[in-house]
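Let's take a friendly walk through a protein chain, from its overall make-up to one spot on its surface. Have the viewer open as you read.

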Amino acid sequence: MMNARGIKFLCVCSLLVLLVPSRVLAQNTVRIIEPDDQTTAADVAAIDTERFELGAYTGVLSVEDFGSEAVLGLEFAYHLNERWMLLANYGKASIDKASFEGDPGFLASADRDFEYYGVLGGFKLFPGRSFFGAKKKYQTGLYVLAGPDHVNFAANDSWGLAFGLSYRVVLTDWLTGSIDFREHLFKRDFIGDDKQTLNTEFKIGVNALF
């Protein structure tokens with residue numbers, strides 16, 4: 001017969017057999033808490049398959065030796081790829097008399113229209129994105145522009161050079177906006193003064209993508 005010590009030993013062993021697996025199971029059980037998915041996908045306005053832009057712009061044109069006047073124009077752009085584009089534009093501004101002109105002035109009314117047109121090449125220096133709130137982000141790019149420029153002003157009709165910078169934003173899949181700073185460099189003969197002139201333009205435009 002099993003004595004009291006043996007019975008006690010058997011009880012302890014049985015208790016260990018029951019407790020050890022439960023403790024091991026408790027230690028190896030990992031509770032995974034998954035956070036609520038609160039991320040919201042931002043809508044990206046970008047140029048996808050569209051390659052053409054057509055629109056209008058307005059701004060200020062400062063003509064050397066004269067003043068600064070409002071300018072209006074039309075613009076057409078073709079995107080060769082993500083970096084390069086070709087841009088054609090036409091602009092016109094009516095220039096007031098210079099401070100040194102008297103009455104009736106040195107120029108006829110028709111000669112006071114500053115008209116230009118040209119074709120420029122554009123290279124995207126800095127591609128990027130702009131954010132508006134948590135759900136909207138826009139594809140942007142800073143372009144450097146340069147190309148031949150034809151100017152008609154003050155009875156002068158000559159070719160020159162246009163160059164500058166253009167900051168462009170894709171607002172929607174069919175609409176873009178642009179802010180441009182340009183220089184129109186051309187040779188002008190005015191009251192016996194034949195010189196190269198630098199005429200500064202600042203403009204804001206809206207274009208349709210297609």
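What does the secondary structure of the chain come to? In this predicted model, the tally is one helix and nine strands. Reading from the N terminus, the order of the elements is α-β-β-β-β-β-β-β-β-β.

A few totals help to set the scene. The chain has 210 residues, and 33% of them count as buried. Among contacts with a separation of 6 or more, 57% are between residues 24 or more positions apart. The exposed area of the chain is about 13200 Å², with 63% of it supplied by carbon and sulfur atoms.

Now zoom in on one pair of strands. Strand β6 covers residues 136-153 and strand β7 covers residues 156-170; the two pair in the antiparallel sense over 14 bridges. If you would like a landmark along this pairing, look for V151, which stands opposite S158 in β7. How many residues lie between β6 and β7 in their hairpin? There are two, and A154 in this turn has a positive phi of about 55 degrees.

Stay with β7 a little longer, since this strand also holds Y167. Is Y167 buried, exposed or partly exposed? Its relative accessibility is 32%, and because buried means under 20% and exposed over 50%, Y167 counts as partly exposed. Together with I179, F181, F202 and I204, Y167 makes a nonpolar surface patch of about 450 Å². The elements giving two or more residues to this patch are β8 (175-190) and β9 (193-209).

Definitions and conventions
Residues numbered from 1 in each chain as written. Predicted model: local features only at pLDDT ≥ 70, side-chain atom pairs only at ≥ 80, totals over all residues. Heavy atoms only, no water. Pairing = 2+ DSSP bridges. Helix = DSSP H or I, 4+ residues; strand = E, 2+ residues; numbered from the N terminus. Patch = residues over 30% accessible without salt bridge, like charges linked within 9 Å, V, L, I, M, F, W, Y side chains within 5 Å. Areas by Shrake-Rupley, 256 points an atom, 1.4 Å probe, with all protein chains shown as cover. Salt bridge = Lys/Arg side-chain N within 4 Å of Asp/Glu carboxyl O. Buried < 20%, exposed > 50% of the residue type's maximum accessible area, 1.4 Å probe, protein only. Contact = heavy atoms within 4.5 Å.
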